[in-house]
Amino acid sequence: MNRIFKWLSLFLIFLVAAYMLAEWKMKNEIISFLERKVPSHIDFSYDKITINLIKGNIAFEEVAVVSLGKQTSSCEIKVDANKLSIKGFSYWKVLFQKAIFIKSLTLTKPHLNFKTCPKNVDEDTANKNNPIKLLKEIFVEELIFEGGIVEVWDDEEEVELIAVNEINLSLKEVATNPKTIAKYIPFTFSEYYIEIQNFSAPLGEFEKLQMQSMVMNNATIDITNFSLFTKYSKTVLSEKISYQRDHTNFSVPSIKVENHNYLVSKDSLLINFKELALNTPKLKVYRDKSKLEDFRNKPLYGKLLQKLPFKVAIDSIFIKNGAIVYEENIPNNAPAGALSFEDLNASISNLSNQKNTQDLVKIGLTAKLMNTAKFHLNWQFDVYDPNSTFLISGGLSNLNTSSLNDFLVPNLRTQTTGTIDQLYFTISGNEHNSKGDIKMSYEDFKFEVLNKERNGVKKVLSFIGNLFVNDGSKTDEDGYRYGEISAERVKNKSFFNYLWINIEDGLLSVLTGNGKKE
């Protein structure tokens with residue numbers, strides 16, 4: 001019995017020693033492999049490596065990776081992680097199928113730092129200098145980032161282009177091979193889950209984009225507290241600019257995307273959403289009109305969509321319970337005048353800049369003007385129409401015109417009284433000019449021209465003006481007066497200025513013309 005126990009003990013000691021020797025040998029093989037196979041432009045270091053041969057597990061602690069040389073849009077990539085864990089490494093597939101198979105690869109608390117390339121670096125040449133050569137297929141059942149941080153800097157590391165305070169990521173069935181590794185996206189995957197906390201990115205010199213959180217999977221995207229805003233206060237912005245520029249604050253508490261997918265073809269990205277919903281968005285725009293006017297041409301929305309650096313196709317967009325406030329500050333002592341739309345609901349269909357699409361972009365919205373009058377608008381255009389033609393129809397009801405005086409008095413030195421009961425218009429046009437028709441029923445409409453101080457009425461001008469304005473009594477049997485619209489676009493101003501001068505021309509035609517339907 002003692003003899004059997006002795007031999008059994010020796011056998012167990014031999015097994016343990018053999019296992020430890022094999023583990024030591026495997027550890028040295030991994031270290032040697034990394035020294036031989038990691039490209040010269042990549043520096044890979046770690047504090048400690050542990051191996052479990054039975055389970056096929058490998059763990060690197062305090063990992064640091066630095067990649068120098070052009071990789072996609074970055075010239076330097078740094079990755080630090082508390083731990084890099086590989087589980088379920090298949091020796092069978094490496095030895096007999098010439099492939100690398102891993103059940104899971106986890107980066108714990110990774111800190112990813114990217115530095116973009118200088119503008120004088122040629123992208124094609126730089127990519128050829130450091131090609132990634134892969135001899136085996138690689139398959140990972142699940143790739144996991146736990147509690148990561150992402151930073152993207154400009155080439156001088158002075159401006160932070162993207163910052164993510166926390167990212168958690170899971171990719172299923174990740175695979176690559178010698179051909180795939182050279183593509184725009186160097187790997188494939190099936191299911192994915194991404195959670196981002198506190199994302200921020202500057203949008204040029206004056207604006208910034210922020211998101212409190214984003215959760216994204218194969219089917220949906222959920223974003224909370226999205227905001228796009230001018231980085232400076234109104235006063236500071238006015239000090240920094242020579243030409244007029246909008247001070248903007250756009251916020252959306254909740255954004256939801258349904259059925260999204262992405263395609264890459266010839267280094268071009270296509271973004272496709274089935275449905276995009278914005279809940280209670282608010283847009284505040286302020287413009288300091290004391291600054292010089294910018295006379296550069298502003299393209300209409302179709303041409304702006306054409307110029308996007310990627311392709312987009314969104315079947316439906318829904319805006320629920322939104323609000324818009326537009327404010328202008330004229331160089332005088334009067335307070336800034338504001339124009340507002342509340343309870344704004346809108347739907348946009350077929351928003352796409354793909355050339356093969358045959359569908360028009362269609363927009364429909366309803367809102368309350370100055371929180372009182374009901375306003376509706378229908379708008380359609382063809383993105384690739386060479387003349388940027390469009391068709392707009394809309395209407396307004398129950399407007400007490402005195403509610404507009406907060407905007408008219410400081411900006412146009414005009415104040416009005418009276419009520420617009422119903423107003424309907426249709427406008428067709430292009431990037432140069434437009435025409436249309438309008439009908440309106442109203443009561444006791446009058447306007448007064450104010451002096452420069454906005455505290456008194458220029459009675460002579462007001463009297464002369466009102467002589468030519470019909471008070472709304474001479475109408476057809478339905479109570480309407482009719483007018484025609486004809487306008488030329490001011491090409492350095494926005495589309496909404498174009499819309500306004502069309503409606504303005506129609507209003508003057510109704511008020512001062514014969515009021516009859518042609």
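## The second largest pocket

Let's start with a spot on the protein's surface: the second largest pocket has a volume of about 210 Å³. Of its 13 lining residues, those closest to the centre are Asp-437, Ile-438, Tyr-482, Gly-483 and Lys-517. Three strands each give two or more residues to this lining: β20 (414–429), β21 (433–449) and β22 (481–488). The top contributor is β21, with four residues. Sorted by class, the lining has six charged, four nonpolar and three polar residues.

## The overall picture

Stepping back, keep in mind that this is a predicted model. The protein has 518 residues, and 38% of them count as buried. Its secondary structure comes to 22 strands and eight helices.

Among contacts with a separation of 6 or more, 61% are between residues 24 or more positions apart. As for the outside, the protein exposes about 30,500 Å², with carbon and sulfur atoms supplying 56% of that area.

## Two cavities

There are two cavities of 30 Å³ or more. The largest has a volume of about 80 Å³. Its lining is made up of Leu-300, Tyr-301, Gly-302, Trp-379, Phe-381, Asp-382, Ser-388, Thr-389, Phe-390 and Phe-495. Both α5 (301–306) and β18 (373–381) supply at least two of these residues. By class, that makes six nonpolar, three polar and one charged.

The second largest cavity comes in at about 30 Å³. Around it sit Lys-234, Leu-237, Ser-238, Ile-241, Arg-245, His-247, Tyr-286 and Asp-288. Here α4 (234–240) and β14 (282–288) are the elements giving two or more residues, and α4 has the largest share, with three. This lining splits into three nonpolar, three charged and two polar residues.

## Helix α8

Helix α8 covers residues 495–512. How far apart are its end C-alpha atoms? They are 26 Å apart, which agrees with the 26 Å that 18 residues should span at 1.5 Å a residue.

Phe-495, which helps line the largest cavity, is one of the buried residues in α8. Others that are buried include Tyr-498, Leu-499, Asn-502, Ile-503, Gly-506, Leu-507, Val-510 and Leu-511. A general point helps when reading such a list: an α-helix has 3.6 residues a turn, so residues three or four places apart point the same way.

## A closer look at Ser-227

Finally, find Ser-227 in strand β11 (residues 220–230). Is Ser-227 buried or exposed? It counts as buried because its relative accessible area is 14%, under the 20% cut-off. Leaving aside neighbours within four places in sequence, Ser-227 is in contact with Lys-208, Leu-209, Gln-210, Phe-250 and Ser-251.

Conventions
Residues are numbered from 1 along each chain as its sequence is written. This is a predicted model: local features need pLDDT of at least 70, side-chain atom pairs count only at pLDDT 80 or more; totals for chains, interfaces and linings use all residues. Side-chain values use heavy atoms; hydrogens and water are left out. Buried means under 20% relative accessible area, exposed over 50%, partly exposed in between (1.4 Å probe, protein chains only). Contact means heavy atoms within 4.5 Å. Accessible areas come from the Shrake-Rupley method with a 1.4 Å probe; for residues, only the protein chains shown count as cover. The expected span of a helix is 1.5 Å times one less than its number of residues. On a 1 Å grid over the protein atoms alone, a cavity is a set of points where a 1.4 Å probe fits but cannot get out, and a pocket is an open set with protein on both sides within 12 Å along at least five of seven lines; lining residues have an atom within 4 Å of a point. Grid points are joined across faces, edges and corners, and a volume is the space filled by probe spheres set on the points. Ala, Val, Leu, Ile, Met, Phe, Trp, Tyr, Cys and Pro count as nonpolar, Asp, Glu, Lys and Arg as charged, and the others, Gly among them, as polar.
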